[in-house]
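Biologist: I would like a close look at one part of this model. Please start from a single residue and work outwards.

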Amino acid sequence: MSEALSAFGPVTCGRLCEGNDEFHDRFCAVFEGGGEGYEEAVSPVVLVLCFLLQSDSTSYPPALADNSWDNTGLLLEAPFSPSNRPSNSVLLTIDLTKAVAEEAIEANCSIIVAYHPIIFRGLKSLTLANSQQQTLLRLASHGISVYSPHTAVDAAPGGLGDWLADIVTGSKKLSAFADDAVINKGGKTPVKEGAHDPFVDNENKGLRPTWALAHHPSSSMQTTLRLGSQSTPLTSIPHTRKPVVPQSPELASHPGAGMGRVVHFDKPQPLPALLDRIGTGMNNPKGFPIAIPQEKDIGDITIRSVGICAGSGGSLLGNLDVDLLFTGEMSHHEALAAIEKGQVVISLFHSNSERGFLSEVLLDQLDDQIEKEWKLLREEEADQDELKEALADEDFDVWVSEKDRDPYGIVVLNNDV
């Protein structure tokens, strides 16, 4: 049995549920079969995933999440019917939108792991009039549950903060099988040409600039960059790193955890070199915003220290004494205050600072862990007649949404027409 489930004891009702009252009745309903609530029990796939993610020995235990404001864990527990069960599949996404929900429904998924929680505050009603509530109701009707790890992933050693630090320091690995066209041209991003733009005179091209709408490289492209065993690191720059806000109290199982990261280079780095490193590490997006002090040029700036925060970094990074703030987004006034202090700000758009982590790190982690636990579960519960249908499939699939993307894209103008 893997370390992830050993915290709950061997895989039987009494042992797996020991010390975990929250899931005890649901687990009994499934694995004892035929009891009260059996037809409304949660899917075995969902249970295995939730136990993996909520174990203290997992990479992203709930204790690392900032629950003073965040809302993590199993947010939607869909009823499970063995006679009409979903496929053994887990969909990873940053944002749970209507398009992502439709993707999960078409694929007949068991559960969506959405990095951002779709439920942040208490709900007084669930109606179809609200788009997010409509999504939740549709998913529940199709037997699809929703789990969110959010800030536990941010804070964990080797989690999202360290992934961004690896990009800045050149420590991130690139797939040995990555297509040159993907690496050099920014991937297979769908492009809408300006032929449909009413502001372009198609008979006299050149009077107005043509355009293309480019989103950050899609997860379908990023999936081709899954690392596995064959990967090559960039040239790592000597540095030290630490959390912006260390985990308190510190978890003995997760030393070095905490929100954000501060990187100190042993030697100052030219800003253009950092921009190249970030572009390569982010799989070459079409561009991203940068703010620099008004009296300087990019080529004149060197960076000795970097403050890092995935998503919205204004509050976490605002008081740091570092040369560069590297984040997903900052407000106008936050960025203005930073450059007035002589700092540089690089923002990738909120979810573009997070999305690549799913395909490059989390996908393989969950794939490996669930495969091991699912095999054990099927072996240990093989004599349960009530579970033959629920445990019938030998395999399962973990995959990253192809619909998930940041709301913002970049309009790339082309005057050379």
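Is Asp70 buried or exposed?

Modeller: This is a predicted model, so local features are read here only at pLDDT of at least 70. Asp70 is buried. Its relative accessible area is 7%, and the cut-off for buried is under 20%. Asp70 sits in the loop between helix H4 (44-54) and strand S1 (73-76). One contact across the sequence is worth a look. Phe120 is 50 residues from Asp70 in sequence, yet the two C-alpha atoms are 7.0 Å apart in space.

Next, strand S3. This strand covers residues 111-114. Ile111 and Val113 point one way from S3, while Ile112 and Ala114 point the other way. All four are buried. In a regular strand the side chains alternate between the two faces of the sheet. S3 pairs with strand S2 (residues 89-93) in the parallel sense, over 4 bridges. Within that pairing, Val90 has Ile111 as its bridge partner in S3.

After S3 comes a loop that leads to helix H6 (131-141), and Leu128 is in this loop. Leu128 is exposed, with a relative accessible area of 56%. Leu128 also belongs to a nonpolar surface patch with Leu123, Leu126 and Leu137. Together these residues have about 360 Å² of accessible area.

Now the open sheet. Its 6 strands run in the order S9-S12-S14-S15-S16-S13, with mixed pairing. Strand S9 (239-242) and strand S13 (290-291) stand at the edges. Each has a single partner strand, so one side of each is left without a neighbour in the sheet. Inside that order, strand S15 (residues 324-329) pairs with strand S16 (residues 344-347). The sense is parallel, over 4 bridges. Leu324 has Val344 in S16 as its bridge partner.

Last, helix H14, which spans residues 355-380. Phe357 lies in this helix. Phe357 is buried, at a relative accessible area of 2%. Gly161 is 196 residues from Phe357 in sequence, but the C-alpha atoms of the pair are 9.9 Å apart in space. Glu371 is also placed in H14. Glu371 joins Asp368, Glu394 and Asp395 in a patch of negative charge on the surface. H14 therefore holds both a buried residue, Phe357, and a member of a charged surface patch, Glu371.

Note on methods:
Residues numbered from 1 in each chain as written. Predicted model: local features only at pLDDT ≥ 70, side-chain atom pairs only at ≥ 80, totals over all residues. Heavy atoms only, no water. Patch = residues over 30% accessible without salt bridge, like charges linked within 9 Å, V, L, I, M, F, W, Y side chains within 5 Å. Areas by Shrake-Rupley, 256 points an atom, 1.4 Å probe, with all protein chains shown as cover. Salt bridge = Lys/Arg side-chain N within 4 Å of Asp/Glu carboxyl O. Lys, Arg positive; Asp, Glu negative; His and termini not counted. Charge placed at Lys NZ, Arg CZ, Asp CG, Glu CD. Helix = DSSP H or I, 4+ residues; strand = E, 2+ residues; numbered from the N terminus. Pairing = 2+ DSSP bridges. Buried < 20%, exposed > 50% of the residue type's maximum accessible area, 1.4 Å probe, protein only.
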